[in-house]
Amino acid sequence: MKFLFSLFVAGTIMMTGALAPVAQADDAEIVTAKCVSCHSMKRVCRALGKKDLAGWEKTNARMVKKGMTVSDRELAKINRYLAEAKPDATICQ
Ligand code: HEC
């Protein structure tokens, strides 16, 4: 039983380790997929490092009004990603 439990713990640790970087890449993909449907990422990248989280929440609420379709969860992810991203982020390459 003890052995099975350690196997379970080891498996869980390995899985979280493998999934963490994937979650990061996903966020960048969501941002790009949503934003380029109306304008280039240049417009977004120009504002990276200038807007804080509140600034991006405000901007993206405006994008939603213009017709961007996102779930609340996606929107929260996008705002967090953009607030932390630098002008040389993956989405701007
Ligand atoms: C439905 C169309 C649409 C989508 C989707 C969209 N935008 Fe926009 N965006 C616009 C339009 C139109 C403008 C120019 C007019 C304006 O600034 O209000 C704009 C301008 C901007 C600007 C420059 C103005 C400012 O306030 O700094 C930024 C930054 C921006 N968008 C970010 C984003 C981000 C980030 C996303 C994706 C999460 C996104 N947009 C998705 C339509 C869209």
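The expected span of a helix is 1.5 Å times one less than its number of residues. Keep that rule at hand for these exercises on a predicted model.

**Exercise 1. Check the length of α3: what span should its 14 residues have, and how far apart are its end C-alpha atoms?**

Step 1: α3 covers residues 53–66, and its 14 residues, at 1.5 Å each, should span 20 Å.
Step 2: The end C-alpha atoms of α3 are 20 Å apart, which agrees with the expected span.
Step 3: Now look just past the helix. G67 follows α3 and has a positive phi, near 125°.

**Exercise 2. Describe the overall fold of the chain: how many helices and strands does it have?**

Step 1: The chain has 4 helices and 0 strands.
Step 2: Following the sequence, you meet the pattern α-α-α-α.
Step 3: Turn to contacts between residues at least 6 apart in sequence: 73% of them join residues at least 24 apart.

**Exercise 3. Work out where the buried residues of α4 lie: which residues are they?**

Step 1: Begin with the whole chain, where 10% of the 93 residues count as buried.
Step 2: Within α4, the buried residues are I78, N79 and L82.
Step 3: Looking down the axis of α4, you find these buried residues within an arc of 100°, so they line one face of the helix.
Step 4: Try the length check here too. The 13 residues of α4 should span 18 Å, and the end C-alpha atoms are 19 Å apart, which agrees.

**Exercise 4. Find the largest nonpolar core: which residues form it?**

Step 1: The core has 7 residues, namely V31, C35, V44, W56, I78, L82 and A85.
Step 2: At least two residues of this core come from α1, and at least two from α4.
Step 3: Pick out V44 and set aside its neighbours within four places in sequence; V44 is then in contact with C35 and I91.

**Exercise 5. Explore the surroundings of the ligand: which residues come nearest, and which element gives the most to the shell?**

Step 1: There are 18 residues around the ligand, and C35, C38, M63, G67 and M68 come nearest.
Step 2: Two or more residues of the shell come from each of α1 (2–35), α2 (41–45), α3 (53–66) and α4 (72–84).
Step 3: The biggest contribution is that of α3, with 5 residues.
Step 4: Sorted by class, the shell holds 9 nonpolar, 5 polar and 4 charged residues.
Step 5: Link this back to earlier solutions: C35 belongs to the largest nonpolar core, and G67 is the residue that follows α3.

Notes:
Residues numbered from 1 in each chain as written. Predicted model: local features only at pLDDT ≥ 70, side-chain atom pairs only at ≥ 80, totals over all residues. Near = placed C-beta within 6 Å. Nonpolar A, V, L, I, M, F, W, Y, C, P; charged D, E, K, R; others polar. Buried ≥ 20, exposed ≤ 12 C-beta atoms within 10 Å, placed from the backbone. Contact = placed C-beta atoms within 7 Å. Arc of directions from axis to C-beta. Core = buried A, V, L, I, M, F, W, Y, C linked by C-beta atoms within 7 Å.
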